[in-house]
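Visitor: Hello! I would like a close look at one part of this model, and I would be glad of a guide who can set that part in its surroundings.

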Amino acid sequence: MTRWSSRQMKYVNERFQDGKNKEVVLMCIGITSGVGRLLFGRIADYMPGVKKVYLQVLSFFFIGLMSMMIPLCGVFGALIAVCLIMGLFDGCFISIMAPIAFELVGAQDVSQAIGFLLGFMSIPMTVGPPIAGLLRDKLGSYDVAFYLAGIPPLIGGAVLCFIPWIHSKKQREIGKTTGGEKMEKMLENQNSLLSSSPGIFKKESDSVI
């Protein structure tokens with residue numbers, strides 16, 4: 001939510017100068033973000049394996065779309081509705097992040113995966129506000145900044161659609177490799193038993209004689 005607060009409040013103050021209780025925008029995002037974490041966290045419990053990625057795709061799509069719709073809001077009520085939806089799917093993004101990392105890399109590497117993810121997230125969160133400020137100074141409004149901010153989530157959601165397919169393909173390759181290794185071990189054990197069986201039969205025949 002912090003990545004939206006300063007930019008949105010400046011935009012609201014410029015666009016709706018006569019409006020009152022403008023801080024309700026941030027409150028709406030915070031409330032629905034909490035609801036989204038509870039709701040989508042429960043929904044993710046019923047989605048098996050890597051299919052949880054599709055919830056992340058949904059959250060990216062709506063976050064990007066709502067960000068691009070903010071400049072189109074002509075009345076304060078429409079902006080509130082957009083922020084409510086954005087907060088809901090922001091909560092979805094936060095709650096699904098760790099389960100997806102666990103499904104993709106396993107329990108041993110999940111902490112490193114989440115650390116890398118948060119590290120990459122810090123780059124646009126740090127660079128984004130100064131760029132939005134520069135666009136505001138050059139163009140006189142935050143409209144272009146909001147339009148541009150909606151593009152990366154849409155692209156990221158499209159890329160995420162391929163993750164389940166790549167993961168299943170990788171699992172099949174690992175399964176084939178593991179199956180081949182098991183077959184080789186079984187053949188080695190069988191050969192060792194066959195090679196040792198003549199000696200066993202010879203000892204038994206000597207003992208009978």
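How many helices and how many strands are there in the protein chain? And once that is clear, could you take me closely through helix H2 and its contact with helix H4?

Guide: With pleasure, and please keep in mind throughout that this is a predicted model. The protein chain has seven helices and zero strands. Read from the N terminus, its elements therefore follow the order α-α-α-α-α-α-α. The chain counts 209 residues, and 29% of them are buried.

Now to the part you asked for. Helix H2 spans residues 24–44 and helix H4 spans residues 76–105; their axes come within 6 Å and cross at roughly 40 degrees. An angle between 35 and 65 degrees falls in the oblique class, so H2 and H4 are oblique to each other. The crossing of these two helices is right-handed. As for what fills the contact of H2 with H4, its residues divide into 17 nonpolar, seven polar and two charged.

A good residue to zoom in on is Thr-32, which sits in helix H2. Is Thr-32 buried or exposed? Its relative accessible area is 13%, and the cut-off for buried is under 20%, so Thr-32 counts as buried. The side chain of Thr-32 has a polar atom 2.7 Å from the backbone oxygen of Cys-28. A polar atom of the Thr-32 side chain also lies 3.1 Å from the backbone oxygen of Leu-84. Cys-28 falls within the range of H2, residues 24–44, and Leu-84 within that of H4, residues 76–105. Taken together, the side chain of Thr-32 has polar atoms by a backbone oxygen of Cys-28 and by one of Leu-84.

Following the chain onward from H2, you come to the loop between H2 and helix H3 (53–69), where Lys-52 is found. Lys-52 is buried as well, with a relative accessible area of 10%. The side chain of Lys-52 reaches the backbone oxygen of Met-47 at 2.9 Å. For Lys-51, the point to look at is a pairing with Cys-161: the two are 110 residues apart in sequence, yet their C-alpha atoms are 9.7 Å apart in space. Cys-161 is found in the loop between helix H6 (143–160) and helix H7 (163–208), and it is partly exposed, at a relative accessible area of 35%.

H4 has another partner in H3. H3 and H4 pack at an angle of about 150 degrees, with their axes 8 Å apart. Angles over 145 degrees count as roughly antiparallel, so that is the class for H3 and H4. Their crossing is left-handed, whereas that of H2 and H4 is right-handed.

The record adds some context here. In an unreviewed entry, UniProt annotates residues 53–72, 78–102, 114–132 and 144–166 as "transmembrane region". In the model, residues 53–72 are 85% helix and 0% strand, with end C-alpha atoms 29 Å apart. Residues 144–166 are 91% helix and 0% strand, and there the end C-alpha atoms lie 35 Å apart.

One last stop is Gly-128 in helix H5 (residues 110–139). Gly-128 counts as partly exposed, at 22% relative accessibility. Gly-128 and Ala-149 are 21 residues apart in sequence and 8.3 Å apart in space, C-alpha to C-alpha.

Note on methods:
Residues numbered from 1 in each chain as written. Predicted model: local features only at pLDDT ≥ 70, side-chain atom pairs only at ≥ 80, totals over all residues. Heavy atoms only, no water. UniProt positions renumbered as here; feature names shortened; annotations may be inferred. Helix = DSSP H or I, 4+ residues; strand = E, 2+ residues; numbered from the N terminus. Axes fitted to C-alpha atoms, helices over the stretch in contact; angles between N-to-C directions. Parallel < 35°, antiparallel > 145°, perpendicular 65-115°, else oblique. Left-handed = near helix turned anticlockwise from the far one by under 90°. Nonpolar A, V, L, I, M, F, W, Y, C, P; charged D, E, K, R; others polar. Buried < 20%, exposed > 50% of the residue type's maximum accessible area, 1.4 Å probe, protein only. Polar contact = N/O pair within 3.5 Å; in protein donor to acceptor, adjacent residues only side chain to side chain.
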